[in-house]
Amino acid sequence: AEGDAAKGENGFKKCKSCHMIESPEGETIVKGGKTGPNLYGVIGRVAGSADFKYGSGLAEAAEAGFVWTEESVAAYAADPKAWLADNGFDAKSKMSFKLKKGGEDVAAYLASVAPA
Ligand code: HEM
């Protein structure tokens with residue numbers, strides 16, 4: 001991944017209407033909405049494993065033990081439904097938002113706000 005975390009911090013503004021970033025200790029890193037799961041530590045985390053009622057696609061990814069990388073989060077954010085289909089999971093997504101550009105930067109930012 002060649003993302004720029006500083007640019008991605010700005011890009012995350014597009015995500016925070018639905019996603020917060022909050023540490024397990026309860027520290028709020030980015031105040032955000034609750035429509036989507038908490039994205040703290042999402043890079044390196046098993047997909048569909050936060051305290052959230054996921055759709056069937058990410059539930060299948062969780063069962064498969066799929067672990068998010070910067071690359072896969074960037075691809076997912078660009079088109080969640082297409083990403084699920086491309087990876088052999090049920091192409092049903094509760095996230096309909098598609099990030100047009102800068103996914104690598106947002107992924108690098110997400111990697112930077114949580115311990116590896
Ligand atoms: C799920 C990233 C914007 C709603 C996810 C997941 C990631 C992600 C990585 C999977 C998390 C996991 O496996 O625990 C992003 C990024 C965004 C963004 C990087 C901005 C570029 C949004 C927006 C909304 C949204 C704007 C609401 C309008 C959701 C929902 C899910 C989800 C509902 C759960 C999907 C499901 O269960 O099928 N998002 N998201 N996201 N996101 Fe986003």
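This passage walks through the ligand site of the structure and then a few residues elsewhere in the chain. The model is a predicted one, and that is worth keeping in mind throughout.

A good place to start is the iron atom of the ligand. On the protein side, two residues act as its donors: H19 through its NE2 atom and M95 through its SD atom, at 2.0 to 2.2 Å from the iron. Counting every donor atom gives 6, and the angles among them run from 87 to 178°, which makes the site octahedral. For six octahedral donors, the ideal angles are 90 or 180 degrees. The two protein donors come from quite separate stretches of sequence: H19 belongs to the loop between α1 (5–11) and β1 (21–22), while M95 belongs to the loop between α4 (80–86) and α5 (103–112), so the pair ties together parts that are 76 residues apart in sequence.

What about the surroundings of H19, then: is this residue buried or exposed? Its relative accessibility is 10%, and since anything under 20% counts as buried, H19 is buried. Another link across the sequence shows up here too, as H19 and L110 are 91 residues apart along the chain, with 12 Å between their C-alpha atoms.

Stepping back to the ligand as a whole, it sits in the largest pocket. There are 25 residues around the ligand, and the closest of them are C15, C18, H19, Y54 and M95. Oxygen atoms of the ligand also have polar partners in the protein. R45 places a polar side-chain atom 2.9 Å from a ligand oxygen. The side chain of W68 has an N or O atom 2.8 Å from an oxygen of the ligand. With G48, it is the backbone that takes part, with an N or O atom lying 2.8 Å from a ligand oxygen.

Next comes a small pairing between T69 and S72. T69 is in the loop between α2 and α3, whereas S72 is found in helix α3, which covers residues 70–78. Their side chains make a polar contact with each other at 2.9 Å. The two residues fall into separate accessibility classes: S72 is buried, with a relative accessible area of 8%, but T69 is partly exposed at 37%. Each also has a partner further along the chain. For T69 that partner is G44, 25 residues apart in sequence and 6.0 Å apart in space from C-alpha to C-alpha. For S72 it is W83, 11 residues apart in sequence, with a C-alpha to C-alpha separation of 8.4 Å.

Finally, there is G32, a residue of the loop between β2 (28–30) and α2 (56–63). G32 has a relative accessible area of 28%, so it counts as partly exposed. Its C-alpha atom is separated by 16 Å from that of A114, and the two residues are 82 residues apart along the chain.

Terms used: Residues numbered from 1 in each chain as written. Predicted model: local features only at pLDDT ≥ 70, side-chain atom pairs only at ≥ 80, totals over all residues. Heavy atoms only, no water. Donors = N, O, S within 2.8 Å, 3.2 Å for Na, K, Ca; no water. Tetrahedral: all angles 85-135°; square planar, octahedral: opposite > 155°, others 65-115°. Helix = DSSP H or I, 4+ residues; strand = E, 2+ residues; numbered from the N terminus. Buried < 20%, exposed > 50% of the residue type's maximum accessible area, 1.4 Å probe, protein only. Near = heavy atom within 4 Å. Polar contact = N/O pair within 3.5 Å; in protein donor to acceptor, adjacent residues only side chain to side chain. 1 Å grid on protein atoms, 1.4 Å probe; cavity = no way out; pocket = protein on both sides within 12 Å on 5 of 7 lines; lining within 4 Å. Sits in = over half its atoms within 2 Å of the grid points.
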